Structure formats: structure tokens, C-alpha cells
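Student: I would like to learn how to read a protein model. Please take me through one, feature by feature.

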Amino acid sequence: MPTEPLSQKEIEDRLRELPGWSQEGDRIARTYRLGTHFAAAALVVHVARIQDELDHHSDLTLGYNTVNLTVNTHSAGGAITEKDFELAARVESIAPSHGAG
């Protein structure tokens, strides 16, 4: 079953529920800052596990003490869908346990 793109209003409404997340073109994005490089790397591993569980993967970039995620849905032509917000919400739920802010 194909995933339908969200309307711009739906995207804006959903972003209000996810502080720190924003729309960057055809993606939603967030950068997390952490206390150390090791903490950032641990967050990346945890996010990778969530992505595999959901079978939905973001672009994930590890910096010295930052983790950047950008996501859209390739199977919906690169549009933003509910799947993207499900992933974002799952990441938001675990990020504080890694000291991410």
C-alpha cells in the first residue's frame, strides 16, 4: 500500500508537535547536540536500530558532538509522509536518554 504525501498544512501541524524539527525543502530535519563524540555515536546506533525496526531510513550524519537527521519517503516520490513523522517521534523519544538537546 503506497504512503501518501502530506499536505503543507499537515506538515506544519505535525512539526508543531516536534520542537526542534523543521522542514528543509522536501524533507524534515533535526540536529541534536550532545556532550561528547561517543554520546553522539551511541545516538546514531540507536537511531539506526529504530530505522531498521520501522524499515524507514533517514540520512544520518555524525559530527564531533552532533547528529543530523533528514528524512523523506522515497517510495512516495521523495515527499514528506506520516512515516517520516513516525520516525522523528521515535527518535525524539530516545534522544534525551543520550543527553541530546
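The dialogue below goes from the whole chain to its strands and then to single residues.

Student: What kind of model is this, and how are residues numbered?

Tutor: This is a predicted model, in which local features need pLDDT of at least 70, side-chain atom pairs count only at pLDDT 80 or more, and totals for chains, interfaces and linings use all residues. Residues are numbered from 1 along each chain as its sequence is written, and side-chain values use heavy atoms, with hydrogens and water left out.

Student: How many helices and strands does the chain have, and in what order do they run?

Tutor: Helices (H or I, at least four residues) and strands (E, at least two) are DSSP runs, numbered from the N terminus. Here there are three helices and four strands. Their order from the N terminus is α-β-β-α-β-β-α.

Student: How do I read the radius of gyration?

Tutor: It is taken over C-alpha atoms, and the globule rule is 2.2 Å times the number of residues to the power 0.38. For 101 residues a compact globule would come near 13 Å, and the chain has 13 Å, so the two agree. The C-alpha trace spans about 40 × 25 × 20 Å along its principal axes.

Student: What share of the residues is buried?

Tutor: Buried means under 20% relative accessible area, exposed over 50%, and partly exposed in between (1.4 Å probe, protein chains only). By that rule, 44% of the 101 residues count as buried.

Student: What do contacts say about residues far apart in sequence?

Tutor: A contact means heavy atoms within 4.5 Å. Take the contacts between residues at least 6 apart in sequence: 67% of them join residues at least 24 apart.

Student: Now the strands. Which strands pair with β2?

Tutor: Two strands pair if DSSP finds at least two bridges between them. Strand β2 (residues 27–33) pairs with β4 in the antiparallel sense over six bridges. Strand β1 (residues 22–24) is also antiparallel to β2, joined by three bridges.

Student: Which residues face each other across these pairs?

Tutor: Between β2 and β4, Ala29 stands opposite Thr70, and the bridge partner of Thr31 is Asn68. On the β1 side, Glu24 has Arg27 in β2 as its bridge partner.

Student: What joins β1 to β2?

Tutor: They form a hairpin with two residues between the strands, and Gly25 in it takes a positive phi near 65°.

Student: How does β3 fit in?

Tutor: Strand β3 (residues 59–62) runs antiparallel to β4, with four bridges between them. Leu62 stands opposite Val67 in β4. This pair is a hairpin too, with three residues between the strands.

Student: Are β2 and β4 mostly buried or exposed?

Tutor: In a regular strand the side chains alternate between the two faces of the sheet. In this chain, five of the seven residues of β2 are buried, so β2 is largely enclosed by the rest of the structure. Strand β4 (residues 66–71) is mostly covered, with five of its six residues buried.

Student: Where is Asp55, and what is its phi?

Tutor: Asp55 is in the loop between α2 (37–54) and β3. Its phi is near 55°, a positive value in a residue other than glycine. Asp55 counts as exposed because its relative accessibility is 59%.

Student: What does the segment after α3 touch?

Tutor: Start with His98, which lies in that segment. Not counting residues up to four places away in sequence, His98 touches Leu34, Ala39, Ala42, Leu43 and His46.

Student: And Gly99?

Tutor: Gly99 lies in the segment after α3 (82–94). Leaving aside neighbours within four places in sequence, Gly99 is in contact with Arg33 and Leu34. Gly99 and Tyr32 are 67 residues apart in sequence, and their C-alpha atoms are 9.3 Å apart in space.

Student: Is Gly101 buried or exposed, and which residues is it in contact with?

Tutor: Gly101, in the segment after α3, is exposed, with a relative accessible area of 57%. Leaving aside neighbours within four places in sequence, Gly101 is in contact with Arg30, Thr31, Tyr32 and Arg33. For a comparison of sequence and space, Gly101 and Gly78 are 23 residues apart in sequence and 28 Å apart, C-alpha to C-alpha.
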